[in-house]
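Biologist: Let us walk through this structure together. Please explain each term as we go.

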Amino acid sequence: MPASSRVDVEELYRRHAAELRGYLYRRAGQAGADLLGDVFVVALQRVDDLPEPDVRRAWLFGTARRLLLAADRENRRRHQAERERARFGETVADTSVAGGSGQAGAVQAALASLREPDRELIRLTEWERLSITEAAVVLGLRPGTARVRLHRARRTLAAHPALADLSPVRSPSRAEVGSQRSSLSRPPQG
Amino acid sequence: MAPTVRDQDWSERHGDAIREAAPAVPDLTEGEKIALWQRIEASDTHRARRRTHWKAVVAGLVAVGLVGVAGAATGNVFSAHTGRGPVDAEDVELGGPGERLDPRAPDFAGVMDEMTTDIRFPSVAARDSALDWELDNATRDRSDITSLSSGALRLWTAGHALCSWSNVWAGALRTGDIATEQRAADVILGARTWPSITDTDPDMADESEFAWLPDLEQAIRTDDPAAARTALAGNQSCMPGLAPELRLGKRR
């Protein structure tokens with residue numbers, strides 16, 4: 001592949017800046033949105049070894065996610081250095097912007113019940129409209145793993161009491177139940 | 001989670017509800033967008049000048065120890081963080097998931113430390129020893145390893161942690177320290193849920209990287225140090241010095 005140029009990065013900026021800013025803002029508010037420039041500074045720094053064009057969008061989201069994580073680490077380090085350092089098994093703090101009340105609040109509650117990587121998979125595919133393969137790149141997962149995790153996360157969300165009203169109301173026949181159970185007995189493998 | 005009829009009721013209505021719950025984002029005006037791009041370009045030009053200066057400095061260095069000084073001074077220019085991930089599924093398969101790190105960067109040791117903080121070791125000394133070994137392995141021949149995935153690094157570090165815990169477990173078993181033995185066993189038996197392992201090897205079967213973990217788990221359950229040694233040694237999962245209780249020596 002011929003080396004990319006600054007013009008390529010500028011084109012990426014024109015095409016993806018708005019959606020990346022949306023992603024950053026939704027995860028960390030204005031402080032997150034302020035990282036947009038850093039995403040493209042990294043892209044310019046790596047202009048000689050950008051990935052293939054068809055995965056550059058996912059690469060940009062992945063870079064944005066890493067910057068968010070780094071900023072989060074830096075914040076935590078600044079405020080709670082010793083305590084955070086000593087604690088094992090911690091998860092990344094979710095600093096995403098609250099979604100409001102009513103149904104949005106219910107959805108946020110349901111999303112909050114998921115583990116961080118699964119929640120992020122849902123948000124990347126629904127909010128940012130990334131494909132599963134792109135979301136897998138962002139999260140550093142195998143595409144097959146991402147598919148299985150997304151499938152399970154959707155099942156968990158659909159079963160969450162806050163979203164119960166959204167499930168189709170019907171009374172499945174015994175035969176339907178058997179059929180549905182057998183189709184769910186083994187999640188799809190990637 | 002056990003499958004139920006309810007579980008599969010994911011519908012377009014759920015997707016719509018999730019999307020509608022996305023927080024609103026203030027508009028980015030065209031003027032702001034143009035101004036930001038100008039700042040990005042200016043910032044990169046500034047960094048490029050500093051990078052040139054850094055190259056000149058490094059070219060003049062003879063003592064390896066001084067590289068650390070130069071690295072510390074220019075850490076924001078040449079970082080182990082490349083921002084690059086795998087380009088396709090094959091790349092993931094061959095190199096592991098996650099960001100491609102550059103072991104030649106002066107901040108590689110710090111990045112490695114940061115990226116493995118969630119991996120639980122029985123002691124700080126064991127962790128330091130494992131990370132020192134990986135650092136030495138990655139940087140010994142600088143022309144050899146130019147890219148290392150964060151997934152692989154985390155997976156290997158998890159292997160060292162399990163090796164360390166196996167050593168604690170075997171020592172406690174030998175001396176009859178039931179509390180320590182149980183604590184170490186609990187950690188090892190819970191390891192299959194560690195993201196550092198599951199992100200790269202969710203299956204732990206066949207020829208995968210951590211296919212030996214079920215054997216180690218079985219050894220722990222049956223209080224069989226010899227079997228634990230076989231599980232770890234046969235797969236070269238212990239670096240020198242981490243498991244003397246299991247008489248595991250050099251890796252190669």
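Modeller: Helices (H or I, at least four residues) and strands (E, at least two) are DSSP runs, numbered from the N terminus. Chain B then reads α-α-α-α-β-α-α-β-α-α-α-α-α along the sequence. That comes to eleven helices and two strands. This is a predicted model: local features need pLDDT of at least 70, side-chain atom pairs need 80 or more, and totals for chains, interfaces and linings use all residues. Residues are numbered from 1 along each chain as written, and chains are lettered from A and ligands numbered from 1 in the order written.

Biologist: Why are α7(B) and α11(B) called roughly antiparallel?

Modeller: Their axes, lines fitted to C-alpha atoms over the stretch in contact, are compared in N-to-C direction from 0 to 180 degrees. Helix α7 (residues 150–175) of chain B and helix α11 (residues 225–233) of chain B cross at roughly 165°. Angles over 145 degrees count as roughly antiparallel. Therefore the pair earns that name. The axes come within 11 Å.

Biologist: Which residues of α7(B) and α11(B) make the contact?

Modeller: Contact needs C-beta atoms, placed from the backbone, within 7 Å. Cys163(B), Ser166(B), Ala170(B) and Leu173(B) of α7(B) meet Pro225(B), Ala228(B) and Leu232(B) of α11(B).

Biologist: What is the pLDDT of chain A on average?

Modeller: pLDDT is the predictor's confidence in each residue, from 0 to 100. Chain A averages 76, and 72% of the residues score at least 70. Over residues 170–190 of chain A the pLDDT is below 50. Where pLDDT is low, the predicted coordinates should not be read in detail.

Technical notes
Two residues are in contact if their C-beta atoms, placed from the backbone, lie within 7 Å. Angles under 35 degrees count as roughly parallel, over 145 as roughly antiparallel, 65 to 115 as roughly perpendicular and the rest as oblique.
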